[in-house]
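Welcome! Please take a look at the sequence and the 3D view below, and then work through the exercises at your own pace.

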Number of protein chains: 2
Amino acid sequence: MSRNVTGPEIAELIQLLSKLPGLGPRSARRAALHLIRKKDQLMKPLANAMSVAADIIVECGNCGNIDTLSPCMICRDEKRDKSLICLVETVGDLWALERAEVIKGQYHVLGGTLSPLDGIGPDDLNINTLIERAKGEEVSEVLIALNATVEGQSTAHYITDMLEETDVKISRLAHGVPVGGELDYLDEGTLAAAIKSRKEM
Amino acid sequence: MSRNVTGPEIAELIQLLSKLPGLGPRSARRAALHLIRKKDQLMKPLANAMSVAADIIVECGNCGNIDTLSPCMICRDEKRDKSLICLVETVGDLWALERAEVIKGQYHVLGGTLSPLDGIGPDDLNINTLIERAKGEEVSEVLIALNATVEGQSTAHYITDMLEETDVKISRLAHGVPVGGELDYLDEGTLAAAIKSRKEM
């Protein structure tokens, strides 16, 4: 956006919008125009929602989830199974599992995966807090729900080794054909895993 | 995003983000998490930029461009050719032409195209103000730079008829092969137009 068309305020807005994941320079311009057109219905409420969120959102000191209080809602929820900790890479993964309503227990957000090339070692992830939690009396199982990528799986192996010193059961997600998935589009590793773990009808 | 994971503030943020063009529910969640991670570098500045923009941006009373003052920078610019008005559909189109630095004259933003099915008639567009401007002494040419779509072209014909009552020259953008375009990917209409308007080498 040439600065001399509209002044620096819109250029600044576009430049910041273009830093959102999924928006490039062109779509940031479109988003800015959309916001300006919908000033009262969208731009002001969104500015306000961001200010509020920036002020009140904190990371849960227990599990690493984000919420307006620490411990977070999930950690505070007395109805949840305290014996199971589900380990995820990111808060986005936690949200995905919550949407599916498949975890009755608690979570632990690792904050990424080990990546020596990027300088991310064990101390950069929430591994020590996981070990501490796993040593707690109530906890009997850690379900490692990291992504099925090379980084996720090598991190899973490292964490499995670290958890050996505790008494907890360590489990991982099953591999197989995604529900609704077509075999023709699946890679060989997935097909091999699905056949190896085949179930009786 | 289930409301009971994180409280209503993040749900509200995601819901508003998902209204931006190019962001759906999934990418709005990713954007929200990105904003929360980059609270100080991105979320607060963006909230501020939106508040500022919402407060100071106005539509130019002359041409329909957006700016912090009315008349806008382009209309105020004494160095620009007052004899040419370039008619565009949206402010985004105006920006595109300004980025290309191909218009030395002024602009007029129509605000869309005629669309009887959507209930958009001549009175919903900035047509009357265009006619008034075209009657001005200084103006000698209106260049109709509407999109080369069916809606854009039928609107262009309607506006050409309306401008007949004035003395201005009415022109339109040339059709032809886009620079860098491959013939194999172009439609027959474009190819026919490019051949009909062929130039000597």
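A salt bridge here is a side-chain nitrogen of Lys or Arg within 4 Å of a carboxyl oxygen of Asp or Glu. This is a predicted model, in which local features need pLDDT of at least 70 and side-chain atom pairs count only at pLDDT 80 or more, while totals for chains, interfaces and linings use all residues. Residues are numbered from 1 along each chain as its sequence is written, chains are lettered from A in the order in which they are written, and side-chain values use heavy atoms, with hydrogens and water left out.

**Exercise 1. Follow the salt bridges in chain A.**

Task: Find which residue A:Lys169 pairs with, and where the two partners lie.

Solution:
- Step 1. A:Lys169 makes a salt bridge with A:Glu141, and their closest N and O atoms are 3.9 Å apart.
- Step 2. Next, place the partners: A:Lys169 is in strand β6 and A:Glu141 in strand β5 of chain A, so this pair links distant parts of the chain, 28 residues apart. Strands (E, at least two residues) and helices (H or I, at least four) are DSSP runs, numbered from the N terminus.
- Step 3. Check the surroundings: A:Lys169 is exposed, at 51% relative accessibility. The classes are buried for under 20% relative accessible area, exposed for over 50%, and partly exposed in between, using a 1.4 Å probe and protein chains only.
- Step 4. Compare another pair: A:Glu165 and A:Lys135 form a salt bridge with 3.4 Å between the closest N and O atoms. A:Glu165 sits in the loop between α8 (150–163) and β6 (169–172), and A:Lys135 in the loop between α7 (127–134) and β5 (141–144), so the pair ties together parts of chain A that are 30 residues apart in sequence. A:Glu165 is exposed at 52%, and A:Lys135 is partly exposed at 46%.
- Step 5. Now visit A:Arg80, whose side chain meets that of A:Asp77 in a salt bridge (4.0 Å, N to O). A:Arg80 is buried, at 14% relative accessibility, whereas A:Asp77 is partly exposed, at 30%.
- Step 6. Widen the view: shared partners join A:Asp77, A:Arg80 and A:Glu98 into one network of salt bridges. Over all chains, the count is 12 salt bridges.

**Exercise 2. Look for unusual backbone geometry.**

Task: Which peptide bond of chain A is cis at A:Pro71, and what is the phi of A:Glu101?

Solution:
- Step 1. Start with the background: most residues other than glycine have a negative phi, and most peptide bonds are trans.
- Step 2. The bond joining A:Ser70 and A:Pro71 is cis, with omega about 0°. A:Pro71 belongs to the loop between β2 (66–67) and α5 (73–76) of chain A.
- Step 3. Turn to chain B, where the bond from B:Ser70 to B:Pro71 is cis, with omega near 0°.
- Step 4. A:Glu101 has a positive phi of about 55°, although it is not a glycine. You will find A:Glu101 in the loop between α6 (91–100) and β4 (106–109) of chain A, where A:Glu101 is exposed with a relative accessible area of 63%.
- Step 5. In chain B, phi of B:Glu101 is near 55°, and B:Glu101 is exposed at 62%.

**Exercise 3. Relate the two chains.**

Task: By what turn and shift can chain B be laid on chain A, and how many residues does each chain bring to the contact?

Solution:
- Step 1. A turn of 179° and a shift of 0.0 Å along the axis lay chain B on chain A with an RMSD of 0.1 Å. Copies are superposed by least squares on the C-alpha atoms of residues with pLDDT of at least 70 in both.
- Step 2. That is the relation of a two-fold axis.
- Step 3. Within chain B, B:Ala47 has the C-alpha nearest the axis, 2.2 Å from it.
- Step 4. The contact (heavy atoms within 4.5 Å) takes 51 residues from chain B and 51 residues from chain A.
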